Amino acid sequence: MAEKMIGVEEARSIVLSNCAPLAEEWSGLRAATGRYLAEDIGSDLDLPPFDRARMDGYAFQAASVAAAGPGQPARLREIGVVAAGVGYDGQVGPGEAVRIMTGAVVPAGADTVERIEVIRVDAGGIELDEPVPVGRNITPRGLEVKAGARVVSAGERVTPAVAAVLATFGQARVRTSRRPRVAIFSTGDELVPVDVFPGPGQIRDSNRYALAGYLEEAGAEVVLEGTLTDQLDQTRDAIARAMANADVILLSGGVSMGDYDVVKPALRALGAEILLEKVAMHPGKPTVFARRGETLFFGLPGNPVSVAVAFFLFVRPALLRLQGASGIDLPRLTAFCTRAVKGAPPRRSHQPGTLRLAAGRVEIEPLSWSGSGDLVGFMRATALLVVPEDQAMVREGDLVEAILLPSLLA
């Protein structure tokens with residue numbers, strides 16, 4: 001059993017070393033959006049599959065207008081029309097031109113396309129007043145992708161843009177990771193439903209709703225379980241029932257050292273091995289991670305900011321690892337801090353802030369918050385400002401590390 005307070009990197013290593021990718025499954029292209037590919041996808045054709053016109057205009061041989069100039073227009077005979085989706089059987093020879101539409105196949109013999117706006121058209125043909133270079137307004141066959149080239153890699157998330165690429169190359173069904181099924185519990189005698197006005201000493205249960213949103217952004221299938229009281233037997237039995245259908249059990253509250261903190265005793269009673277229970281971070285020190293068989297357990301502190309920080313540092317990367325994602329970390333950058341903030345040695349501090357561009361540089365404005373229970377203060381955060389373990393203060397103007405939150409990535 002882990003007892004000592006350990007560093008963030010070591011804690012992360014413990015969590016991720018216990019996360020193996022879930023089974024793969026076939027998904028239709030619509031259902032695959034939001035999931036992670038379990039296979040590389042290659043192109044089954046050149047893209048574009050033909051020399052493609054980029055403008056409405058005329059296709060011809062550039063040599064036919066090479067002598068054009070002021071007062072000496074080049075005149076070409078119009079011999080046909082080619083629209084998008086329709087081929088052209090003939091060939092364009094010297095002194096000839098074909099009317100062409102955007103996206104259409106450039107006909108054989110033509111090596112350039114000029115836009116309609118600079119061409120004079122009459123009943124007999126067209127006139128141009130200046131030369132046109134070879135290749136103008138033509139996208140050559142295979143310029144974007146060659147047949148057989150890898151276009152999407154295993155581990156990439158199927159975004160709408162990726163789905164469009166998959167559709168372009170005929171991938172009506174793809175192999176993806178299975179979405180992890182996560183059961184959420186809130187714990188505490190003080191919690192009441194959101195539609196109940198709290199009595200003395202009570203608060204509404206808000207953590208489950210934040211966690212549900214965080215989980216869905218991370219690709220999980222969410223099961224909203226009930227609110228648990230601070231009773232060991234009830235907590236143990238509820239977790240046991242949820243284990244039958246969940247890959248991950250996520251609990252908020254009840255993970256500290258008080259007489260009514262029953263999550264860890266309940267996990268031990270179920271035979272789970274507690275691998276992590278104190279992390280050298282602020283907020284969120286009493287974060288718990290455990291495992292029994294293939295089921296993973298996260299016990300997060302009850303305060304809402306602690307819940308968010310622990311989720312983004314540990315739960316989210318674990319869920320992405322379960323899905324075989326190639327990238328599991330939120331983006332990080334350096335920014336100038338706009339005012340002084342305190343650290344929390346010997347713990348690493350993660351404080352809410354908002355990122356902005358000012359005078360050509362990235363700045364982070366620390367939010368005013370009263371502590372890890374201040375969910376209203378945290379609501380506007382777009383990043384976490386990181387203060388190292390050995391730093392008691394960040395001064396105004398210092399460069400700091402910032403972790404971008406999913407709200408900024410949406």
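**Sheet and core of a predicted model**

Student: In what order do the 6 strands of the open sheet stand?

Tutor: The structure is a predicted model. Its open sheet has mixed pairing. The order of the 6 strands is S16-S13-S17-S21-S20-S18.

Student: Why is one side of S16 and of S18 left without a neighbour in the sheet?

Tutor: Strand S16 covers residues 221–228. Both S16 and S18 have one side without a neighbour in the sheet because each stands at an edge, with a single partner strand.

Student: In which sense do S18 and S20 pair?

Tutor: In general, strands of a sheet pair through backbone hydrogen bonds, either parallel or antiparallel. Strand S20 spans residues 288–292 and is joined to S18 over 3 bridges. One residue of S20, Ala290, is the bridge partner of Ile274. The sense of the S18 and S20 pairing is antiparallel.

Student: Which strands of the sheet does H1 touch?

Tutor: Helix H1 packs on the sheet, and its direction makes about 145° with that of S18. The strands that H1 touches are S18, S20 and S21.

Student: Which element gives the largest share of the largest nonpolar core?

Tutor: This core has 46 residues, and those touching the most other members are Leu250, Phe298, Leu300, Phe311, Phe314 and Leu319. Elements that give two or more residues to the core include helix H1 (8–16), strand S21 (295–300) and helix H7 (304–322). The largest share is 13 residues, and the element that gives it is H7.

Student: How many residues has the other core, which lies apart from the largest one?

Tutor: Among the members of this other core are Ala183, Ala238, Ile249 and Ala272. The number of residues in this core is 21.

Notes: Residues numbered from 1 in each chain as written. Predicted model: local features only at pLDDT ≥ 70, side-chain atom pairs only at ≥ 80, totals over all residues. Heavy atoms only, no water. Core = buried A, V, L, I, M, F, W, Y, C linked by side-chain atoms within 4.5 Å. Buried < 20%, exposed > 50% of the residue type's maximum accessible area, 1.4 Å probe, protein only. Helix = DSSP H or I, 4+ residues; strand = E, 2+ residues; numbered from the N terminus. Pairing = 2+ DSSP bridges. Contact = heavy atoms within 4.5 Å. Axes fitted to C-alpha atoms, helices over the stretch in contact; angles between N-to-C directions.
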